[in-house]
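Let's take a walk through this model together. Keep the sequence and the 3D view open as you read.

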Amino acid sequence: MATVKEIFLAEKEIGHFAGWSGPEDETGYLWFDAPIEIGGVTETGLVLHGGCNAARPEHHFTLELRIARAPGRRCLPIERIDWRSLQGGHSNPRRPKSEWAGKRVSRTHLHDFWLNWSETEQQMRSGGLRVAREIDEPLEGVVDVLAFAAIRLRINNIDVVEQPPWEYDLFQLGGRGDG
């Protein structure tokens, strides 16, 4: 099997997009896990995970490249894009040392592979994707987020991912506060 760094750097394709899950009863969370192929071969456990809340259109949309070490076990996140997070941003730890150490980033941010990778140890830093940076590109909608993810994650056919089946409520659309 390829190393995590080799997987991140490789050109990839989504093997199959089965669609979004139905909303979870308690949270309304929608998600998908699309298997990823490298060189026409499906890498075991490698998926593009997407998630959002059914009742919060155009908010809190996440795409993450991850490897599940074994079915039903914890996964190893490689890189994640958070778009219009409902948490209001992300606070970075003071370590590891980088230009983003100790800084707070906005609601739309990237948990960049290189900020969470230890070149010395040749592995992802412990604690998950703890460090994020701002995204310079304007991401106005899900189509923009997918296009950004296609470039960042090197997924050539990301256009097979469908828009989330958000539940639009006319009363919510007025004061969304898209900042």
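What follows goes from the sheet to a loop and then to the aromatic rings.

First, some ground rules: this is a predicted model, in which local features need pLDDT of at least 70 and side-chain atom pairs count only at pLDDT 80 or more, while totals for chains, interfaces and linings use all residues. Residues are numbered from 1 along each chain as its sequence is written, and side-chain values use heavy atoms, with hydrogens and water left out.

Start with the sheet. Seven strands line up in the order E1-E2-E3-E4-E5-E8-E11 to make an open sheet, and the pairing is antiparallel. At its edges you'll find strand E1 (13-14) and strand E11 (133-134), each of which pairs on one side only. The names come from DSSP runs: helices are H or I runs of at least four residues, strands are E runs of at least two, and both are numbered from the N terminus. Two strands pair if DSSP finds at least two bridges between them.

Now step across from the E1 side. E1 and E2 are antiparallel and share two bridges, and Glu13 has Glu37 in E2 as its bridge partner. Strand E2 covers residues 29-38, and its side chains alternate. That's a pattern to expect, as side chains in a regular strand alternate between the two faces of the sheet. Here Leu30, Phe32, Ala34, Ile36 and Ile38 point to one face and are buried, while Tyr29, Trp31, Asp33, Pro35 and Glu37 point to the other and are not. "Buried" means under 20% relative accessible area, "exposed" means over 50%, and "partly exposed" is in between (1.4 Å probe, protein chains only).

Next door, E2 pairs with E3 in the antiparallel sense over nine bridges. The two make a hairpin with two residues between them, and Gly39 in the turn has a positive phi of about 60°. Further along, Trp31 stands opposite Gly51 in E3. Gly51 also faces the next strand, standing opposite Thr62 in E4. E3 (residues 41-53) runs antiparallel to E4, with six bridges joining them, and Leu48 has Leu65 in E4 as its bridge partner.

How enclosed is E4? Seven of the eight residues of this strand (residues 61-68) are buried, so the rest of the structure largely encloses it. Its neighbour E5 (residues 75-83) pairs with E4 in the antiparallel sense over eight bridges. Among the facing residues, Phe61 has Trp83 in E5 as its bridge partner, and Glu64 stands opposite Arg80 in E5. E5 is also largely enclosed by the rest of the structure, because eight of its nine residues are buried. From E5, three bridges lead to antiparallel strand E8 (residues 109-111), where His109 is the bridge partner of Asp82.

There's a helix to spot here too. Helix H2 (residues 142-153) lies across E3, E4, E5, E8 and E11, running at about 140° to E5. Axes are lines fitted to C-alpha atoms, for helices over the stretch in contact, with angles from 0 to 180 degrees between N-to-C directions.

Let's pause at a loop. Ser85 is found between E5 and strand E6 (90-91), and it is buried, with a relative accessible area of 7%. Leaving aside neighbours within four places in sequence, Ser85 is in contact with His60, Arg107 and His109; contact means heavy atoms within 4.5 Å.

Last come the rings. The structure holds eight aromatic pairs. Rings of Phe, Tyr and Trp (its six-membered ring) pair if their centres lie within 6.5 Å; planes under 30 degrees apart count as stacked, over 60 as edge-to-face and the rest as tilted. Phe113 and Trp114 are edge-to-face, at 4.8 Å centre to centre with 85° between the planes. Phe113 and Trp117 have ring centres 5.1 Å apart and planes at 25°, so that pair is stacked. Phe113 and Trp117 are both buried, whereas Trp114 is partly exposed at 38% relative accessibility. Elsewhere, ring pairs link Phe17, Trp20, Phe32, Phe61 and Trp166 into a cluster.
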